[in-house]
Protein chains: 2
Amino acid sequence: MSDPRPIGIFDSGVGGLTVVGEMQDILPNEDLVYFGDTARVPYGTKSKETVTKFSVENVEFLMEHNVKLVVVACNTASSLSLDFLKRCFRVPVMGVIEPGARQAVSATRNNRIGVVGTHATISSGAYEKAVKKISPRYKVFTQACPLFVPLVEEGWSDKEVTKTITQIYLKPLKQKKVDTLVMGCTHYPILKEVLKKVMGPGVMLVDSARETAKEARRILDAGGLLNGSKRSGRHIFFVSDEPNRFVRIGEKFLKRRIKCVKRAV
Amino acid sequence: MSDPRPIGIFDSGVGGLTVVGEMQDILPNEDLVYFGDTARVPYGTKSKETVTKFSVENVEFLMEHNVKLVVVACNTASSLSLDFLKRCFRVPVMGVIEPGARQAVSATRNNRIGVVGTHATISSGAYEKAVKKISPRYKVFTQACPLFVPLVEEGWSDKEVTKTITQIYLKPLKQKKVDTLVMGCTHYPILKEVLKKVMGPGVMLVDSARETAKEARRILDAGGLLNGSKRSGRHIFFVSDEPNRFVRIGEKFLKRRIKCVKRAV
């Protein structure tokens, strides 16, 4: 069996491109349609009702492109809206929380897992729930870090002041002696170096992007939905605000050139 | 003549409440209808086209409340969209840039004016244009400070790290020896103390909120549109996301209790 339809991926902005990069590696023959909601970014400071409304609109847009699977490549939307999206649409919809939680569980040695994310992700308790579903023996400690996204977007990931802010945010998690830290927002991998430095060498950082791409492959495989073609996949990007800023910041996330970007509305 | 219709005010979120506070002082008998676009905040990182589309929708919402004047209490929307809004609607529409520029010009002694604001406000060149319209003898130096809004929203205005970030942003303006600094974003008055400390005692800070309220009174007066009633004005607040966060952060801006907040959409 072979299904040539594209995979749909959405995020509030550029962060989801870290997931796109892994999908391109792991599913090189699949066509991808990405939607970044740059006109309404960020989602992490907004309510469940609003994020869910936006997420439904984003999936409806992807459905117009006849996608066979939707990947919610945004921790906030995955935390607040995934269950609703799964009930609303007839294609499989998956998020980034469960893959991240699974990876954290397999990485921890002392069963103490830290999670950093937006206000909305952290207060949803989504990571605690996902980890507890695997086993109740893990302890999860969380910390909202609302300044991380603006620091990344300002291009300040190497500045001393970013290290200071990281120390302020991570102090409680260090005190809890976590040995694994989930970067629970697709922007945070850009801060990997400073997170490593502040947490110290004994702490493993978890980026859910790779695990998410692997999970997407499993779902497609199980449903007979993989694209059997041998040609390289096509990748199209849509944004709701003007494309230039998206391309400029986005290439840092994707670590590849972004060629085909269109304004969606 | 007396016109009992309310005044409409909009902002991307809570910042415009600094203008509302001054309007309540200067026009105590006027009814006010405020709209904060908290579902799509911020505007300062978005394009002219997107900010203008949102601004038109915001004014249309205020027009449903039969307003007699629209105040764009957002520096970004004033910078990018005011001319378009003035052409679109049949009531007078005013912004915060010209009042701020006028106040800066009357404050400066050495004719060197600094302006801080969002990316969008600064790259629009709106303050330079407004000051040059008054007289070409003033020099305007600008600096985008995209981290100020998230720092304010995080409640970190007193933290040492905020002072460090302020020093980084303001260094070029200090080198230009400005004696006046326009806080060109309605969030920034919350950072007044740290801005003062970093700029030093010789520099005057300009907050356009008060001048904007005075300008609103002049426009109403000139058009015979003032409310002649002796009762206190009613103040209604609408937001596009859920009201709790707006009330919590908003009371810092308004410096009064916010009672009547409704979700608009």
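The exercises below, each with a worked solution, concern a predicted model.

**Exercise 1. Domains of chain A**

Find which residue ranges make up domain 1 and domain 2 of chain A, and which elements of domain 1 touch domain 2.

Solution.
- Step 1. Domain 1 of chain A takes in 7-96 and 209-263, and domain 2 takes in 97-207.
- Step 2. Taken over C-alpha atoms, the centres of domain 1 and domain 2 of chain A are 22 Å apart.
- Step 3. Contacts join the two domains of chain A: 27 residues of domain 1 meet 23 residues of domain 2.
- Step 4. On the domain 1 side, the elements of chain A that supply two or more residues are α1 (17-26), α3 (75-88), α10 (208-222) and α11 (243-254).
- Step 5. By class, that side of domain 1 of chain A holds ten nonpolar, eleven polar and six charged residues.

**Exercise 2. The setting of A:Thr186**

Decide whether A:Thr186 is buried or exposed, and list the residues that A:Thr186 touches beyond four places away in sequence.

Solution.
- Step 1. Place the residue: A:Thr186 is in the loop that runs between β7 (180-184) and α9 (192-199) of chain A.
- Step 2. Apply the cut-off: a residue is buried if 20 or more other C-beta atoms lie within 10 Å of its own.
- Step 3. A:Thr186 has 29 C-beta neighbours inside 10 Å, so A:Thr186 counts as buried.
- Step 4. Leaving out residues up to four places away in sequence, A:Thr186 touches A:Asp11, A:Gly15, A:Gly16, A:Thr18, A:Val19, A:Ala73, A:Cys74 and A:Asn75.
- Step 5. For a distance across the sequence, take A:Val14: 172 residues separate A:Val14 from A:Thr186, while their C-alpha atoms are 8.5 Å apart.

**Exercise 3. The two copies**

Work out what kind of axis relates chain B to chain A, and describe the side of chain B that touches chain A.

Solution.
- Step 1. A turn of 180° with a shift of 0.0 Å along the axis lays chain B on chain A, with an RMSD of 0.0 Å.
- Step 2. The two copies are therefore related as by a two-fold rotation axis.
- Step 3. Among the residues of chain B, B:Arg40 comes closest to the rotation axis, with its C-alpha at 2.3 Å.
- Step 4. Between the chains, 15 residues of chain B are in contact with 15 residues of chain A.
- Step 5. In chain B, α2 (48-63) and α8 (160-175) are the elements giving two or more residues to this side, and α8(B) gives the largest share, three residues.
- Step 6. The side of chain B that touches chain A consists of six nonpolar, three polar and six charged residues.
- Step 7. Because 100% of the interface residues of chain B are also interface residues in chain A, the copies meet through the same surface.

Methods
Residues are numbered from 1 along each chain as its sequence is written. Chains are lettered from A and ligands numbered from 1 in the order in which they are written. This is a predicted model: local features need pLDDT of at least 70, side-chain atom pairs count only at pLDDT 80 or more; totals for chains, interfaces and linings use all residues. Helices (H or I, at least four residues) and strands (E, at least two) are DSSP runs, numbered from the N terminus. A residue is buried if 20 or more other C-beta atoms lie within 10 Å of its own, exposed if 12 or fewer, and partly exposed in between; C-beta atoms are placed from the backbone. Two residues are in contact if their C-beta atoms, placed from the backbone, lie within 7 Å. Copies are superposed by least squares on the C-alpha atoms of residues with pLDDT of at least 70 in both. Domain bounds come from an automatic or database domain assignment. Ala, Val, Leu, Ile, Met, Phe, Trp, Tyr, Cys and Pro count as nonpolar, Asp, Glu, Lys and Arg as charged, and the others, Gly among them, as polar.
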